Amino acid sequence: MDRRKLLTAAGLGLGVAALAGCKEESVPANGAEKAPAEQRFRWKMVTSWPENFPGLGTTAQHFADTVARLSNGRLSIQVFAAGALVPALEVFDAVSSGTAEMGHSAAYYWKGKSAAAPFFTAVPFGLNAQEMNAWLYEGGGLALWQKAYESLGVLPLPCGNTGVQMAGWFNKEINSLDDLQGLKIRMPGFGGEVLSRAGATTVNLPGSEIFTSLQTGVIDATDWVSPYNDLAFGLYQAAKYYYYPGWQEPCAVLELTINQQKLAELPADLQDIVKVAARATNQAMLDEYTKRNAEALDTLVNEHGVQLRRLPDAVLERLRDISLDVLEETAAANPLNREVWDSMQAFRDKVNAWHAIGESAMYALRD
């Protein structure tokens, strides 16, 4: 082979090698950059619920499992029961400080953090679960909730709803307003404030302390949730009378709190997955409670002989009057509270007009 042919062959060889190298590192034909390896995130969720507690604790786990499934494992969330990482009533602080990326609890525990917080769990004689969800998602309520927590570095989302609750378990009958005087009762949120003004002595206890406190006489009465959870706690063994209606909590929204900075660090699709999973879990819990409460009430009454009692009309009327005073005073405390309460009332008034000829009329015909 002469010198010119040798150089030509060598040049072709180098060109092929160069092209091969370019093929391994080149930009794909569609112009997109080479995708980096998928980043995975490991988060902690602290809760206010006992470990694996039916409905409340299992809802937190349901959310975590949903996120893991939708994200194909890119975001995994370890759920910690109350006391495992932080105490039940320190969930908000843990999320705000970044000790945990998220929490699962109820907003009315955080009145000391934001005076508006209790509005987003339950309002006495207020919105039921269907109405609350509509106000939050369609009536501007969620934006106000997030505004209330914005300066605290926390983003809240609805993540569960018990539906209407019971008035609670009592070791004495309530026949008149006089029977509320000096009554020691566990009740958080606006309901506790209302009962205090009615003459009761209210305390705020985590779920894990309720049974023993009721059984030993530390308290005379307690609310907790509704038949499903009350049966699981065995409260029928600690109190004789089971009162309704749940005037203090026509529904109870469970709250997912997320550290804002940690959420911002997630890719956009994972942020969306967290929000979609929260909304799906919110509805799933309400569906579960509708079924389980019906079953548990039957068990409590027909197997355990629980005595159901309706609060007297005079008591309910007085509690309603006090509730309006408490809510108006809370609204007057600052502009955000006023905005929240006015928004909720306006939404309720519109819904009432529709439900009077829709839901209420249908119930009357059905029953």
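**View 1. A buried ring pair, phenylalanine 92 and tyrosine 149.** Phenylalanine 92 and tyrosine 149 are both buried in this predicted model. Their rings meet edge-to-face, with 5.0 Å from centre to centre and 85 degrees between the planes. Phenylalanine 92 sits in helix 3 (residues 91-97) and tyrosine 149 in helix 5, so this pair ties together parts that are 57 residues apart in sequence. Zoom out a little and you'll find both rings in a cluster: ring pairs link Phe92 and Tyr149 with Tyr108, Tyr109 and Trp110. The structure holds 15 aromatic pairs in total.

**View 2. A stacked pair, tryptophan 224 and phenylalanine 233.** Here's another aromatic pair, and this one is stacked: tryptophan 224 and phenylalanine 233 have 5 degrees between their planes. Centre to centre, the two rings are 4.9 Å apart. Tryptophan 224 is buried, and phenylalanine 233 is buried too.

**View 3. Helix 2 against helix 10.** Two packed helices are described by the angle between their axes and the distance between the axes. For helix 2 (residues 56-70) and helix 10 (residues 268-302), the axes come within 9 Å and the crossing angle is roughly 140 degrees. The two helices are therefore oblique to each other. As for handedness, helix 2 passes helix 10 in a right-handed crossing. On the helix 2 side, look for Leu56, Thr58, Thr59, His62, Phe63, Thr66, Val67 and Leu70. They meet a set of helix 10 residues: Ile273, Val274, Ala277, Ala278, Thr281, Ala284, Met285, Glu288 and Tyr289. Sort the residues of this contact by class and you get 11 nonpolar, 5 polar and 1 charged.

**View 4. Helix 4 meets helix 5.** The axes of helix 4 (residues 129-138) and helix 5 (residues 141-149) come within 4 Å, crossing at roughly 70 degrees. That angle makes helix 4 roughly perpendicular to helix 5. Helix 4 brings Trp135, Leu136 and Tyr137 to the contact, while helix 5 brings Gly141, Leu142, Leu144 and Trp145. By class, that's 6 nonpolar residues, 1 polar and no charged ones.

**View 5. Alanine 82 in its loop.** Alanine 82 lies in the loop that runs between strand 2 (75-80) and helix 3. Its relative accessibility is 31%, so alanine 82 counts as partly exposed. Leaving aside residues up to four places away in sequence, alanine 82 touches Thr47, Ser48, Trp49 and Ala88. Take tryptophan 49: it is 33 residues from alanine 82 in sequence, yet the two C-alpha atoms are 5.2 Å apart in space.

**View 6. Valine 351 in helix 12.** Find valine 351 in helix 12 (residues 335-357). With 14% relative accessibility, valine 351 counts as buried, because the cut-off for buried is under 20%. Its C-alpha atom is 7.5 Å from that of glutamate 131, a residue 220 positions away along the chain.

**View 7. The whole chain, for orientation.** Step back from the close-ups and the chain shows 13 helices and 11 strands. Of its 367 residues, 47% are buried. Among contacts with a separation of 6 or more, 78% are between residues 24 or more positions apart.

Terms used:
Residues numbered from 1 in each chain as written. Predicted model: local features only at pLDDT ≥ 70, side-chain atom pairs only at ≥ 80, totals over all residues. Heavy atoms only, no water. Axes fitted to C-alpha atoms, helices over the stretch in contact; angles between N-to-C directions. Parallel < 35°, antiparallel > 145°, perpendicular 65-115°, else oblique. Left-handed = near helix turned anticlockwise from the far one by under 90°. Contact = heavy atoms within 4.5 Å. Nonpolar A, V, L, I, M, F, W, Y, C, P; charged D, E, K, R; others polar. Phe/Tyr/Trp six-rings, centres within 6.5 Å; stacked < 30°, edge-to-face > 60°. Buried < 20%, exposed > 50% of the residue type's maximum accessible area, 1.4 Å probe, protein only.
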